[in-house]
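Hello,

Here is the structure I promised to pass on to you. Please have a look at it before you read the rest of this message.

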Amino acid sequence: MFGNYIAYLEFLNKKLVQFFASQKPFIFCKKGCSKCCQNSEFPYSAIEAKFLLQGALTLDEKTQQQIEANISKTLERKKKYKGKQFKYDCPFLINNECCVYEYRGVICRTFGLMTNYEDDKVKTPFCAYK
C-alpha cells in the first residue's frame, strides 16, 4: 500500500539532506527542541496520516496509550475552543521527541528550510524562540 509513498519519501529525503546542508548556517533546529511541534497545525494528506498511524502501530503499548491520551486531550480542548484558528501540540510528541520520526509528514521533514514566495521574497529559516 505504501510502496510508492515510501519511494517518494526516499527521493525527498535525499533532496532534503542537500537543502539542509546548504542552509545549515540559518538552521537552529536541534534534537530535543520541539517548539515547532507545539501550538501549531499539522496539515497532513490522507496518505501521510495513514503512514503515521502505521508508524504508531509499531510502538510499544505504553507509547501508543500516551499518543491516545494526547489525542483525547487535544479533542477536548478543541471542543471548548472559540477562536478562529485552533492550534495544538502534535500528539506524537512525547518527552520533546517525535515518537514516529521515521514516519513523520512532509511538513515536518521540511520545517526550517528557506521559503521562496511568488513575489521573489525569500524567508530564511529561523526559530522564533532563539
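Below is what I found in it, from the helices to a pocket and a few single residues. Please keep in mind that this is a predicted model.

**Helix 1 and helix 2**

A good place to start is the pairing of helix 1 (3–22) with helix 2 (46–57). Their axes come within 11 Å and cross at roughly 95 degrees. An angle of 65 to 115 degrees counts as roughly perpendicular, so helix 1 and helix 2 are roughly perpendicular to each other. Which residues meet there? From helix 1 they are Y5, I6 and L9, and from helix 2 they are I47, E48 and F51. By class, this contact has 5 nonpolar residues, no polar ones and 1 charged.

**G55 in helix 2**

Staying with helix 2, have a look at G55, which is placed in that helix. Is G55 buried or exposed? Its relative accessibility is 1%, and since buried means under 20%, G55 counts as buried. Beyond its neighbours within four places in sequence, G55 is in contact with V100 and Y103. There is also R104, which is 49 residues away from G55 in sequence, yet the two C-alpha atoms are 8.6 Å apart in space.

**The second largest pocket**

Next comes the second largest pocket, with about 260 Å³ of space. It is lined by 14 residues, and those closest to its centre are Y44, I71, Y88, P91 and F92. Helix 2 and helix 3 (61–80) each supply at least two residues of this lining. Helix 3 gives the most, with 5 residues. Sorted by class, the lining has 11 nonpolar residues, 2 polar and 1 charged.

**Two residues with positive phi**

Finally, two asparagines deserve a glance at their backbone. Most residues other than glycine have a negative phi. N39, however, has a positive phi, near 50 degrees. N39 is found in the loop between helix 1 and helix 2, and it is exposed, with a relative accessible area of 52%. The phi of N96 is also positive, near 65 degrees. Where is N96? It lies in the loop between strand 1 (93–94) and strand 2 (97–98). With 38% relative accessibility, N96 counts as partly exposed.

I hope this helps you find your way around.

Best wishes

Notes
Residues are numbered from 1 along each chain as its sequence is written. This is a predicted model: local features need pLDDT of at least 70, side-chain atom pairs count only at pLDDT 80 or more; totals for chains, interfaces and linings use all residues. Side-chain values use heavy atoms; hydrogens and water are left out. On a 1 Å grid over the protein atoms alone, a cavity is a set of points where a 1.4 Å probe fits but cannot get out, and a pocket is an open set with protein on both sides within 12 Å along at least five of seven lines; lining residues have an atom within 4 Å of a point. Grid points are joined across faces, edges and corners, and a volume is the space filled by probe spheres set on the points. Helices (H or I, at least four residues) and strands (E, at least two) are DSSP runs, numbered from the N terminus. Ala, Val, Leu, Ile, Met, Phe, Trp, Tyr, Cys and Pro count as nonpolar, Asp, Glu, Lys and Arg as charged, and the others, Gly among them, as polar. Buried means under 20% relative accessible area, exposed over 50%, partly exposed in between (1.4 Å probe, protein chains only). Axes are lines fitted to C-alpha atoms, for helices over the stretch in contact, and angles run from 0 to 180 degrees between N-to-C directions. Angles under 35 degrees count as roughly parallel, over 145 as roughly antiparallel, 65 to 115 as roughly perpendicular and the rest as oblique. Contact means heavy atoms within 4.5 Å.
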